[in-house]
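Here is a short set of exercises to work through with the model open beside you. Try each task on your own, then follow the solution step by step.

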Amino acid sequence: MKFTATAPAKINLSLRILRKRDDGFHELSTRMAPLTLADRLTLECCGSPGTFHFTCSDPSVPSDESNLVVKAFRAIERLRGPLPGMAIHLEKCTPHGAGLGGGSSDAAIALRLIDQAADLQLPQETLLSLAAELGSDVPFFLMDAICDCTGRGEHVTPVPGLRLQWRILLIKLPFGVPTPWAYAQWKDSLEIPGIDYSEQEIDGTILVNDLERPVFQKHFILAELKHWLRHQPGVRGTLMSGSGSTVFAVLAPEANLSALETGIHDLVGAEVWLQETHLAI
Ligand code: C5P
């Protein structure tokens with residue numbers, strides 16, 4: 001038997017850090033939204049019971065026990081004992097180190113697929129708590145909705161009635177930002193004069209990200225990119241997603257994408273990854 005599912009990327013529409021906690025994590029208030037950009041997972045039931053084989057289209061993604069998909073399988077195995085033999089192949093489209101939740105989404109969707117393939121019918125609360133063990137933003141990807149997330153990000157509440165038909169341009173420079181580093185720098189970081197970190201409002205939704213402060217201090221090019229984008233015609237708002245390095249722009253329907261892409265290449269170079277996408281709701 002074969003099972004397939006898509007694992008959507010996300011952006012943080014807002015990310016407010018409330019305080020550093022005693023366990024080293026940061027208490028958050030963040031609103032996350034799924035995107036139509038997605039990885040694709042295929043699960044095949046094969047091999048002897050208890051065996052698990054993981055492959056990925058992107059050779060730079062580790063395929064050992066450190067991979068979150070493999071960790072998802074192990075988490076269910078610990079809970080339920082030996083599982084039927086299975087293999088998962090991951091077709092990677094979302095870049096990593098990007099603040100787009102790629103690895104977390106793969107983990108969440110793997111939990112769902114493994115549950116389905118082994119016919120475990122685990123309750124959503126069980127899947128959510130396994131997801132929270134795998135990573136702070138993994139539970140969000142089990143909700144298929146825009147969510148307000150609190151705690152370290154693992155307490156997820158769908159936002160009812162929020163239907164945003166946004167056209168989004170994702171811009172990722174050829175470097176990633178390690179999430180633990182970004183959080184660790186947050187408290188002592190400073191704003192760069194002339195860069196606007198304040199709230200932007202689009203269709204009643206606030207865009208703001210407290211992690212821009214530490215990340216922009218180290219990677220000034222991201223601050224320059226945001227500043228430039230904000231002054232382009234057809235750009236309704238722009239923000240870094242999560243801990244970066246992706247900056248996104250919310251585009252008006254009349255925005256000239258190719259003019260924007262040319263301007264971005266002139267500003268940051270040809271190595272940049274650009275992707276048009278939409279909110280998946
Ligand atoms: O939960 P996750 O494994 O994705 O977190 C990666 C790292 O990011 C944590 O080890 C921590 O250093 C940092 N983090 C944090 N506060 C959060 C979420 C993540 O400090 N709310």
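**Exercise 1: Helices α6 and α7**

Task: In this predicted model, take helix α6 (residues 220-230) and helix α7 (residues 257-268), whose axes come within 11 Å and cross at roughly 150°, and work out how the two helices are oriented and which residues meet.

Solution:
- Step 1. Begin with the angle. Angles over 145 degrees count as roughly antiparallel, so the crossing of roughly 150° makes α6 roughly antiparallel to α7.
- Step 2. Add the handedness: α6 and α7 cross in a right-handed way.
- Step 3. Now find the contact. From α6 come I221, E224, L225, W228 and L229, and they meet L260, G263, I264, L267 and V268 of α7.
- Step 4. Sort these residues by class: eight are nonpolar, one is polar and one is charged.

**Exercise 2: α1 and its two helix partners**

Task: Describe how α1 packs against α3 (residues 124-134) and against α2.

Solution:
- Step 1. Take α3 to start. Its axis and that of α1 come within 10 Å and cross at roughly 130°.
- Step 2. Classify that angle. It makes α1 oblique to α3, and the crossing is right-handed.
- Step 3. List the residues that meet. On α1 they are L68, K71, A72, A75, I76 and L79, and on α3 they are T126, L130 and L134. Seven residues of this contact are nonpolar, one is polar and one is charged.
- Step 4. Turn to α2. Here the axes lie 8 Å apart, and α1 and α2 pack at an angle of about 35°. This crossing, too, is right-handed.
- Step 5. Read off the contact. α1 gives L68, V69, A72, F73 and I76, while α2 gives G103, S104, D106, A107, A110, L111, I114 and D115. By class, that makes nine nonpolar, two polar and two charged residues.

**Exercise 3: Empty space**

Task: Find the largest pocket and the largest cavity, and say what lines each of them.

Solution:
- Step 1. Recall the idea behind the search: rolling a probe the size of a water molecule over the atoms shows where empty space is left.
- Step 2. Size the pocket. The largest one holds about 1100 Å³ of space.
- Step 3. Look at its lining. There are 45 lining residues, and L68, G101, S104, D137 and T179 are the closest to the pocket's centre.
- Step 4. Trace the elements. Two or more lining residues come from each of β1 (2-20), β2 (26-45), α1 (68-80), α2 (102-117) and α4 (179-186).
- Step 5. Sort the pocket lining: 20 residues are nonpolar, 20 are polar and five are charged.
- Step 6. Move on to cavities. The structure has one cavity of 30 Å³ or more, and the volume of the largest cavity is about 30 Å³.
- Step 7. Name the cavity lining: P8, P34, F140, F141, D144 and A145. Five of these residues are nonpolar, none is polar and one is charged.

**Exercise 4: Unusual backbone spots**

Task: Which two residues does a cis peptide bond join, and which residue has a positive phi although it is not a glycine?

Solution:
- Step 1. Check omega. At about 10°, it belongs to the cis peptide bond that joins G244 and S245.
- Step 2. Place this bond in the fold. S245 sits in the loop between β10 (235-240) and β11 (246-251).
- Step 3. Check phi. D119 is not a glycine, yet its phi is positive, at about 50°.
- Step 4. Place D119 as well: it belongs to the loop between α2 and α3.

Key. Residues numbered from 1 in each chain as written. Predicted model: local features only at pLDDT ≥ 70, side-chain atom pairs only at ≥ 80, totals over all residues. Heavy atoms only, no water. Axes fitted to C-alpha atoms, helices over the stretch in contact; angles between N-to-C directions. Helix = DSSP H or I, 4+ residues; strand = E, 2+ residues; numbered from the N terminus. Parallel < 35°, antiparallel > 145°, perpendicular 65-115°, else oblique. Left-handed = near helix turned anticlockwise from the far one by under 90°. Contact = heavy atoms within 4.5 Å. Nonpolar A, V, L, I, M, F, W, Y, C, P; charged D, E, K, R; others polar. 1 Å grid on protein atoms, 1.4 Å probe; cavity = no way out; pocket = protein on both sides within 12 Å on 5 of 7 lines; lining within 4 Å. Points joined across faces, edges and corners; volume = space filled by probe spheres on them.
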